[in-house]
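This briefing is intended for a reader who is meeting the structure for the first time. Please look over the sequence and the model before turning to the points below.

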Amino acid sequence: MIRPKRIGHATFETPDLQPMIDYYTQVMGLVLAEREDDRAFLITKVGLLAIQLNKGDNERCVSLSFEVAPDADFGAMARDLEQEGIKSELQNDSIPGIGPVLTFKDNKGTTIALFKEWSYLGKHLPHIGVGPLKLGHIAWVVEDPQKTAEFYGKVLGFRVSDWIDDFFVFLRCNSDHHTVNFIRGKNNKMHHIAFELKDFVHIQNSCDLFGQRQIPIIWGPLRQGPGHNIATYHRNPDDQVIELFCELDKIVDEELGYFEPRPWHRDTPQRPKTWQAASTKTWGPAPLPDFHRDRV
Ligand SMILES: [Fe+2]
């Protein structure tokens, strides 16, 4: 079975590379590792590839990469995919720092790129702006979250961490509460992408940066219910929602099956469950209407 260990990077198409490069380097605090005519690669201050920008017609997320075990066998994984009726292809896309990738499409048409060889693209990098620790998760609007959760469970071994009613599912591939999540809606498009910050002070500093740059915070700061992350949300120049978070729940032992105990948990122990829609957040304000625009 294919078992991703962590998310690598997200690839976006954008009609105009430069404003997005400016946003990611001057607001988000990523570092431009490589720039080609029609592609750009952005890394975190610790040197992890996080975002790839490709020049394209529309603003959209087209691909997610995931790291698999170092001894994973691409041939065996391709055969597993074929048994599920999924075509895959071994490619070398010359992505900086990443070796060969096995690519295929998930059930909603997003390219999934599996890699096992990779290297840091820098160390102790100076940066301007927020400076996240890592790319954390991607949320997607889908017509049928149950079906997409089943695909990610069966094909990629993701486990369900929480549901909100029957319209929002959170899935994990490692100890993090969620690396992908799917919310029911009419569009098939990304809902938001999230970067992990160090702590609440880091979140506070990012809020002050947004204040200085007059970037509206469209939700938060708040502490979520599912995942219990402290979070804020804003929009980038391509109108995509970007979440910054810290203190996301972790399941450190799958056999124990509960999230690492934290003072803000109301359930003791906190186990995967189905939340009631109207009462999910732990504390904080309600989202501005702008937050939900992509779901309809
Ligand atoms: Fe999120």
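A salt bridge is a side-chain nitrogen of Lys or Arg within 4 Å of a carboxyl oxygen of Asp or Glu. By that criterion, the structure holds 20 salt bridges. The model is a predicted one. The points that follow take up the iron ion, the salt bridges, helix 2 and several individual residues.

**The iron ion**

- Three residues serve as the protein donors of the iron ion: H137 and H192, each through NE2, and E243 through OE. Their distances from the ion run from 1.9 to 2.1 Å.
- Along the chain, the donors of the iron ion are spaced as H-x54-H-x50-E.
- H137 belongs to strand 9 (residues 134-142) and E243 to strand 16, so this pair ties together parts that are 106 residues apart in sequence.
- H137 is buried, its relative accessible area being 0%. E243 is likewise buried, with a relative accessible area of 1%.

**Salt bridges**

- Side chains of opposite charge can pair when their charged atoms come close.
- E36 and R39 form a salt bridge in which the closest N and O atoms are 2.8 Å apart. E36 counts as partly exposed at 30% relative accessibility, whereas R39 is buried with a relative accessible area of 15%.
- A salt bridge also links R159 and E254, whose closest N and O atoms are 3.3 Å apart. R159 lies in strand 10 (residues 159-164), while E254 is in the loop between strand 16 (241-246) and strand 17 (273-275), so the pair ties together parts that are 95 residues apart in sequence. E254 has a relative accessibility of 37% and therefore counts as partly exposed.
- K273 and D267 meet through their side chains in a salt bridge, with an N to O distance of 3.0 Å. K273 is partly exposed at 28% relative accessibility, and D267 is partly exposed with a relative accessible area of 27%.
- One network, made of salt bridges that share partners, joins K189, R235, D239, D290, R293 and D294.

**Helix 2**

- Helix 2 spans residues 74-83, and its residues F74, M77 and L81 are buried. Seen down the helix axis, the buried residues of helix 2 fall within an arc of 60°, so they line one face of the helix.
- The face of helix 2 turned away from the buried side carries R79, E82 and Q83, which are exposed.
- The cover over the buried residues of helix 2 includes strand 6 (89-91), strand 7 (101-105), strand 8 (111-115) and helix 3 (145-156).
- At the N-terminal end of helix 2, D73 acts as a cap: one of its side-chain oxygens lies 2.8 Å from the backbone nitrogen of G75.
- G85, just after helix 2, takes a positive phi of about 80°.

**D16 and T25**

- D16 is located in the loop between strand 1 (6-14) and helix 1 (17-26). With 44% relative accessibility, D16 counts as partly exposed.
- D16 and V142 are 126 residues apart along the chain, and their C-alpha atoms are separated by 26 Å.
- T25 is part of helix 1 and is buried, with a relative accessible area of 16%.
- A polar atom of the T25 side chain lies 2.7 Å from the backbone oxygen of I21. The T25 side chain also reaches the backbone oxygen of D22, at 3.4 Å.
- Leaving aside residues up to four places away in sequence, T25 touches L30, V31, L32, L42 and I128.

**Q224**

- Q224 sits in the loop between strand 14 (219-223) and strand 15 (230-235). Its relative accessible area is 10%, so Q224 is buried.
- The side chains of Q224 and Y233 make a polar contact at 2.7 Å.
- Not counting residues up to four places away in sequence, Q224 touches W219, N229, Y233, T280, K281 and T282.

Technical notes
Residues numbered from 1 in each chain as written. Predicted model: local features only at pLDDT ≥ 70, side-chain atom pairs only at ≥ 80, totals over all residues. Heavy atoms only, no water. Buried < 20%, exposed > 50% of the residue type's maximum accessible area, 1.4 Å probe, protein only. Helix = DSSP H or I, 4+ residues; strand = E, 2+ residues; numbered from the N terminus. Arc of directions from axis to C-beta. Contact = heavy atoms within 4.5 Å. Polar contact = N/O pair within 3.5 Å; in protein donor to acceptor, adjacent residues only side chain to side chain. Donors = N, O, S within 2.8 Å, 3.2 Å for Na, K, Ca; no water.
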